Amino acid sequence: MDGIPADESLLVRLTAAGAWYGVDDDDHVMFSAGGQEWTFSAPVLAVIKPLVEGSTATLGELSVSSGLPVSHVAALASELVAADVASVSRRR
């Protein structure tokens with residue numbers, strides 16, 4: 001898999017049940033889904049939070065809410081899709 005293209009209109013949806021997130025004492029985001037755990041910098045919380053809460057969002061929306069470039073959000077989505085805890089689709 002080469003990764004998710006940085007197309008702002010692509011929709012991201014979390015598919016793993018029982019996903020959770022928290023912030024540690026160093027302001028790193030601790031994220032667990034599908035039996036895997038990740039540690040991210042704090043700006044990623046604005047990407048992870050709506051997905052854990054069941055929202056579907058475009059890469060562009062997640063980029064705006066987090067302040068991260070669309071390419072970074074796409075890279076994060078690629079990691080989650082590769083781990084089989086999220087899916088990405090085109091807007092219909």
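**Sheets, helices and core of the predicted model**

D84 is found in the loop between α3 and β6. In this predicted model, the residue has a phi near 65°, a positive value in a residue other than glycine. Its relative accessible area is 63%, above the 50% cut-off, and D84 is therefore classed as exposed. A comparable backbone setting is found at D27, in the loop between β2 and β3. Phi of D27 is likewise positive, near 65°. With a relative accessibility of 49%, D27 counts as partly exposed. As background, most residues other than glycine have a negative phi.

The strands that flank these loops belong to two open sheets. One sheet consists of three strands in the order β5-β1-β6, with antiparallel pairing. Its edge strands are β5 (57-58) and β6, each of which pairs on one side only. Four bridges join β1 to β6 in the antiparallel sense, and within this pairing L11 has S89 of β6 as its bridge partner. Helix α3 lies across β1 and β6 and runs at about 120° to β6.

The segment that follows β6 (86-89) contains R90. With a relative accessible area of 52%, R90 is exposed. Leaving out residues up to four places away in sequence, R90 touches D7, L10 and L11. The C-alpha atom of R90 is separated by 9.0 Å from that of V12, although the two residues are 78 residues apart along the chain.

The other sheet also has three strands, in the order β2-β3-β4, and is open with antiparallel pairing. Here β2 (20-23) and β4 are the edge strands, each pairing on one side only. Direction ignored, neighbouring strands of this sheet are turned by 20° against each other on average. Helix α1 packs on the sheet and touches β2, β3 and β4, its direction making about 145° with that of β2.

Within this sheet, β2 and β3 pair in the antiparallel sense over four bridges, whereas six bridges join the antiparallel strands β3 and β4. F31 takes part in both pairings: Y21 stands opposite F31 in β3, and F31 stands opposite W38 in β4. The hairpin of β3 and β4 has two residues between the strands, and in this hairpin G34 takes a positive phi near 60°.

The largest nonpolar core comprises 28 residues, among which F31, W38, F40, L59, L80 and V85 touch the most other members. At least two residues of this core are supplied by each of β1 (11-14), β3 (28-33), β4 (36-41), α1 (45-52), α2 (59-66) and α3 (70-82). The largest share comes from α3, with six residues. In soluble globular proteins, nonpolar side chains tend to be buried together. The surroundings of F31 illustrate how separate elements meet at one residue. Leaving aside its neighbours within four places in sequence, F31 is in contact with L14, A19, W20, Y21, Q36, E37, W38, F40, I48, V52 and L80.

Helices α1 and α2 also pack against each other. Their axes come within 8 Å and cross at roughly 125°. This angle falls outside the ranges for roughly parallel, perpendicular and antiparallel, so α1 and α2 are oblique to each other. The contact involves A46, V47 and P50 of α1 together with L62, S65 and S66 of α2. By class, the residues of this contact divide into four nonpolar, two polar and no charged.

P50 lies in helix α1. Not counting residues up to four places away in sequence, P50 touches L45, S55 and L62. P50 and L62 are 12 residues apart in sequence, and their C-alpha atoms are 8.7 Å apart in space.

How values were computed
Residues are numbered from 1 along each chain as its sequence is written. This is a predicted model: local features need pLDDT of at least 70, side-chain atom pairs count only at pLDDT 80 or more; totals for chains, interfaces and linings use all residues. Side-chain values use heavy atoms; hydrogens and water are left out. A nonpolar core is a set of buried Ala, Val, Leu, Ile, Met, Phe, Trp, Tyr and Cys residues joined through side-chain atoms within 4.5 Å. Buried means under 20% relative accessible area, exposed over 50%, partly exposed in between (1.4 Å probe, protein chains only). Contact means heavy atoms within 4.5 Å. Two strands pair if DSSP finds at least two bridges between them. Axes are lines fitted to C-alpha atoms, for helices over the stretch in contact, and angles run from 0 to 180 degrees between N-to-C directions. Angles under 35 degrees count as roughly parallel, over 145 as roughly antiparallel, 65 to 115 as roughly perpendicular and the rest as oblique. Ala, Val, Leu, Ile, Met, Phe, Trp, Tyr, Cys and Pro count as nonpolar, Asp, Glu, Lys and Arg as charged, and the others, Gly among them, as polar.
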